[in-house]
Amino acid sequence: MRTGGAPSARILVLGAGATGGYFGGRLAEAGADVTFLLRDARRAQVARDGLRILSPLGDVTLPARTVGTADLRDDYDIVLLSCKAYDLESAIAAIAPAVTGPCTVVPLLNGMAHLDRLDAQFGPTQVTGGTCMIDGVLRSDGVVEHRGTLQRLVFGARHPAQGAALRSLAAALATTRLDWEYADNIKQRMWDKLSFLSALAATTSLFRANIGEIMAASGGRAAVERTYRANLEIAAREGFPVSDDVAKGAWQRLTDPAGDWTSSLARDEEAGFRTEADHIVGWMLDRARRHGIDDTMLDLAYTALKAYEVRRAAGRLPA
């Protein structure tokens, strides 16, 4: 890592989709040293049109520095790893040339399962904890569309050796319009999110409805409450009990009769895409069974999602 002068970091962002494109774009907008690792087609699109972000918090189109896998070198300080959990293996292969030296990987994936795999590949001293919350899509025209105002990024060290890199990332984020936090309890924060997200994903995908619609259905509130209570117990048994304040906020969102939100997993299912069923619902189901916790709702949701995968693989999804 470079030293001297103001804290600075060379940041590599994997992809320029709804997550990487938004958070990396806001960093680049603020003047951070950001490069996007892109496939050829997306790289050509960004070169032609710029990186375009459409957001209630401010639209921006900016020239973006990009690199392809063939040209990637190990001269980055930080890799922001934003991908779907089912793309982790290809993501690891893509960023590997950049992580041969003292480079710190900051994963922003959903769930927890990716940490063991990243540790095995790069070593635990080079893999931090992290999570993000944003509602966005990459449109077919290449525009990163940010829906709503949620744009939160939370990261933290899992090893003392990561402190310098994360301080430099914090210095870069401090110049942006992003909502971010350098957390000293990152594993707890990841469990806080997963406990909520797994309940949201399980119920909105199982019932094919948003929270408000589920609350209006007979038995809907009881089903959501049963799911989140099980997840709270899982987190506690794993050694990361969710605080009353965090749980209160989650309960409000999960039982809001006017809630028009769903999960990204449910939206992917609705669109006929692959889902993170194994990493969000299945992973928590496995923990429920290990601890002898009520797994009824997680089990039903996971079975429904796996049945969806069978139909999808056979090409039997509705047009």
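**Charges, cores and a buried helix**

Starting with charge, the 37 positive and 38 negative charges of the chain have mean positions that sit 2 Å apart. The model behind this and every other value here is a predicted one.

As for the overall fold, the chain works out to 12 helices and 10 strands. Its radius of gyration is 20 Å, close to the 20 Å that the globule rule gives for 319 residues, so the chain is as compact as a globular protein of that length. Laid along its principal axes, the C-alpha trace covers about 60 × 45 × 35 Å. Burial applies to 52% of the 319 residues. The chain exposes about 14,000 Å², with carbon and sulfur atoms supplying 50% of that area. Contacts tend to reach a fair way along the sequence: taking those between residues at least 6 apart, 70% join residues at least 24 apart.

Moving inside, the largest nonpolar core holds 63 residues, and Leu81 and Ile95 are the ones that touch the most other members. The element that gives the most to this core is helix H6 (residues 186–207), which puts in 10 residues. A further core, of 32 residues, lies apart from that one; Ile134, Leu166, Ala172 and Leu173 are among its members. Back at Ile95, and setting aside neighbours within four places in sequence, the contacts are Leu14, Leu37, Leu72, Val79, Leu81, Val105 and Phe122. Leu81 thus turns up twice, as a contact of Ile95 and, with Ile95, as one of the two residues touching the most other core members.

Next comes helix H1 (residues 20–29). Eight of its 10 residues are buried, so the helix is largely enclosed by the rest of the structure. The buried set takes in four glycines, Gly20, Gly21, Gly24 and Gly25, along with Tyr22, Phe23, Arg26 and Leu27. Arg26, then, is a charged residue that is buried in H1. After H1 comes Gly31, where phi is positive, near 100°.

Strand S2 (residues 33–37) is where Thr35 is found. Thr35 has a relative accessibility of 1%, and the cut-off for buried is under 20%, so this threonine counts as buried. What does Thr35 contact, leaving aside neighbours within four places in sequence? The list runs to Ile11, Leu12 and Val13, then Arg65, Thr66 and Val67, and finally Tyr76.

How values were computed:
Residues are numbered from 1 along each chain as its sequence is written. This is a predicted model: local features need pLDDT of at least 70, side-chain atom pairs count only at pLDDT 80 or more; totals for chains, interfaces and linings use all residues. Side-chain values use heavy atoms; hydrogens and water are left out. Helices (H or I, at least four residues) and strands (E, at least two) are DSSP runs, numbered from the N terminus. The radius of gyration is taken over C-alpha atoms; the globule rule is 2.2 Å times the number of residues to the power 0.38. Buried means under 20% relative accessible area, exposed over 50%, partly exposed in between (1.4 Å probe, protein chains only). Contact means heavy atoms within 4.5 Å. Accessible areas come from the Shrake-Rupley method with a 1.4 Å probe; for residues, only the protein chains shown count as cover. The place of a charge is taken as NZ of Lys, CZ of Arg, CG of Asp or CD of Glu. A nonpolar core is a set of buried Ala, Val, Leu, Ile, Met, Phe, Trp, Tyr and Cys residues joined through side-chain atoms within 4.5 Å.
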